Protein chains: 2
Amino acid sequence: MPSPRPINWYPPVILLLVALLVLVFSLLVIEKAGERGGLSVSGEETSQTRYRWSLVTTWPKNFPVLGTSVETFARQVEVMSAGRLVIHVYGANEIVPANGVFDAVSAGSVEMGHAASYYWRGKVPAAQFFTTIPFGMNAQESNGWLFHGGGLELWREVYAPFNLVPYPGGNTGVQMAGWFNRDINSVNDLRGLKMRIPGMAGEIFNRAGGSAVNIPGGELYTALQTGVIDAAEWVGPINDLTFGFPQIARNYYYPGWQEPGSTLEFLINKTAWESLPKDLQSMVEAAMRSMNQDMLDQFTAGNMVALQQIKDRGVNVRRFPDDVIQRFYDISQQVYAEQAAADPLFKKVYESYSEFQERIRAYNDISELDYFKVRDAVDPQ
Amino acid sequence: MPSPRPINWYPPVILLLVALLVLVFSLLVIEKAGERGGLSVSGEETSQTRYRWSLVTTWPKNFPVLGTSVETFARQVEVMSAGRLVIHVYGANEIVPANGVFDAVSAGSVEMGHAASYYWRGKVPAAQFFTTIPFGMNAQESNGWLFHGGGLELWREVYAPFNLVPYPGGNTGVQMAGWFNRDINSVNDLRGLKMRIPGMAGEIFNRAGGSAVNIPGGELYTALQTGVIDAAEWVGPINDLTFGFPQIARNYYYPGWQEPGSTLEFLINKTAWESLPKDLQSMVEAAMRSMNQDMLDQFTAGNMVALQQIKDRGVNVRRFPDDVIQRFYDISQQVYAEQAAADPLFKKVYESYSEFQERIRAYNDISELDYFKVRDAVDPQ
């Protein structure tokens, strides 16, 4: 019987260690693969591709509310996506001129824009309804039409030929009628009045006897101060106060017949949009929707404060006489009828918009409007 | 010189293998830690941890608008997070009774809830302002106060002792005053009137001579049909129509003095909220904000249609006489004064709410309200 050989423990230990090493390493590889390639989760696909987008606006960099809200939107998307989608916001004229936003996004030289659809009326008359029209719907009514009344579907149809996907991106609420250095006591006082008032409202103003002029924002202050123009419409109390209007105009008129609830817009290049995975698309959409509300909330809370400051500086806050408003209204209906006759797409959107407006007006007469009246009646200020 | 001993290679190989094993294992641990605790990406934190949350509501499963919107919210979060946060929505009484939602989320037995803050007035009287109060603010005004007027900060303060994070989760818009099988021609007609009308409005109704009763939703139809009650307040046209009120009540009164713009609420367990990484928190917030607007938009677009259907079924849509509304208003001011005297937190929130309301009312008198009036004046329906 040979003497017993002592067992050599080393080889089994090595085998065990190698096996463990392979196991742990495999786990690491599986883990990594899951992260990179699209771990299927509840039928959704995820992806770790990074996107860097540019967004051009029609507002100066950090323009109060309109511009600052877009920066907030971009930050929110970056946080939500943990840096997978970084959107760099450019002010007007930084890389694209204000009036070039639509074309730049359409062509795909930038992925996104923020503007107001009625700026593009020369290109697409029907686009105006997606901002607002004189004597049209207020913010709450517009949102009802856009999101649950067929408005957004029509908007997509109107922008589709331009390779653009539109989305509501904020609302100003009812604006003011503007700043006047003359008193408007009747329709006659409009005669020959030179006013900065853009778009369809300018057309209506012209037909009412006034003279609508187009002056770039940068020259507006001097023009009104020196009497080159007699009046100007801008946004509303917050932005008008920042602009310095109280120093150069006597009267601040209401109501904002010309812009009763202007919806701002996001423009997205369709190809860029479709290149995003579903989860990032959903994040962008939620951030746009959040901003659509948040801008209105900022105006709601801020305009009341700004208006008081405007009053405190001695400005007269005055109401247009009824005959002036009636005149504007009557002309607006002629303008819409003419444009509808000339452009089938304008007509199609106008019909959807008007039908919704008539129905919501009837409902609001017994809800929002009647409640406002009642609240004032029980406790007169 | 002793004969040379052959080198035993085993121990160094084992050492090397152990070292490799430690290294690879460490990598795996770091990886895992990164997922859970914060893998730094572009300064943002991401994580692949999966969360499954339960959300309990005070509405029946798929209750029109109020319940269906919560399902939409949950789906949106799932898509945005690519399945990292899956929220299962439960209708009232499925796992938690409707009146147990606040406590269940507070205790952490579920992570989220959807309800209306005024349901919890017995526990926290100050909570009522975050839904609405009789003669309070409408939807647009409430959103201004909540998001940019200090309202949400106060809400967080009020809910903090309960380990709850609140967030606005929808709005009904101005409601209707309710369904009545009697005619209300003066304050005298309220005497002895048995009405299902909850909360502070019920208290006001009682002091005006009526008799507020609390009837579960499931028994409401029969109670009104058989005359056990004379009147009932529910939500607004969409939900009232679904409920079948047109078959059992003659008169549908307005305006909704008792609920001029009810904000719904999300309740989140604070511990659960803080366990979420930043990107998921941001997604949940954006989805809640989206829903806060979307619900109002659904009501805007749907109530006008439902009201027409209600009229078509022969229901009289009538307005409360001025003296009735004035009576409710005068009593409401007494109720608020009493509750403010009894509860410092109620007083604190009431002061913030009232101050904002007075200022926004003055502004809306020349913006939203005046525009509504002008639009009706130029084109009477």
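**Exercise 1. State which residue of β8(A) stands opposite Met195(A), and place the pair in its sheet.**

Step 1. Met195(A) stands opposite Ala231(A) in β8(A). Strands here are DSSP runs of E with at least two residues, and helices are runs of H or I with at least four residues, both numbered from the N terminus. The model is predicted: local features need pLDDT of at least 70, side-chain atom pairs count only at pLDDT 80 or more, and totals for chains, interfaces and linings use all residues. Residues are numbered from 1 along each chain as its sequence is written, chains are lettered from A and ligands numbered from 1 in the order in which they are written, and side-chain values use heavy atoms, with hydrogens and water left out.

Step 2. In chain A, β6 (residues 194-196) and β8 (residues 231-232) pair in the parallel sense over two bridges; pairing requires that DSSP find at least two bridges between the strands.

Step 3. The open sheet has six strands in the order β7-β6-β8-β5-β9-β11 (chain A), with mixed pairing. Strands β7 (211-213) and β11 (316-319) of chain A stand at the edges with a single partner strand each, so one side of each has no neighbour in the sheet.

**Exercise 2. Determine how many residues of helix α4(B) are buried, and describe the ends of the helix.**

Step 1. Nine of the 10 residues of α4 (residues 139-148) of chain B are buried, where buried means under 20% relative accessible area, exposed over 50% and partly exposed in between (1.4 Å probe, protein chains only). Among the buried residues are Trp145(B), Leu146(B) and Phe147(B).

Step 2. At the N-terminal end, Asn138(B) acts as a cap, with a side-chain oxygen 3.3 Å from the backbone nitrogen of Gln140(B).

Step 3. Just after α4(B), Gly150(B) has a positive phi of about 90 degrees.

**Exercise 3. Characterise the surroundings of Gln175(A) and Glu259(A), two of the residues listed by UniProt for "binding site".**

Step 1. The unreviewed UniProt entry lists Gln175(A), Arg196(A), Glu233(A) and Glu259(A); such annotations may be inferred rather than shown by experiment.

Step 2. Gln175(A) lies in the loop between β4 (164-171) and β5 (178-180) of chain A, and is buried with a relative accessible area of 5%. Its side chain forms a polar contact of 3.1 Å with that of Thr172(A); a polar contact is a pair of N or O atoms within 3.5 Å, and within protein one must be able to donate a hydrogen and the other to accept it, while residues adjacent in sequence count only if both atoms are side-chain atoms.

Step 3. Glu259(A) lies in the loop between β9 (251-254) and β10 (263-269) of chain A, and is buried at 4% relative accessible area. A polar contact of 2.8 Å joins its side chain to that of Tyr118(A).
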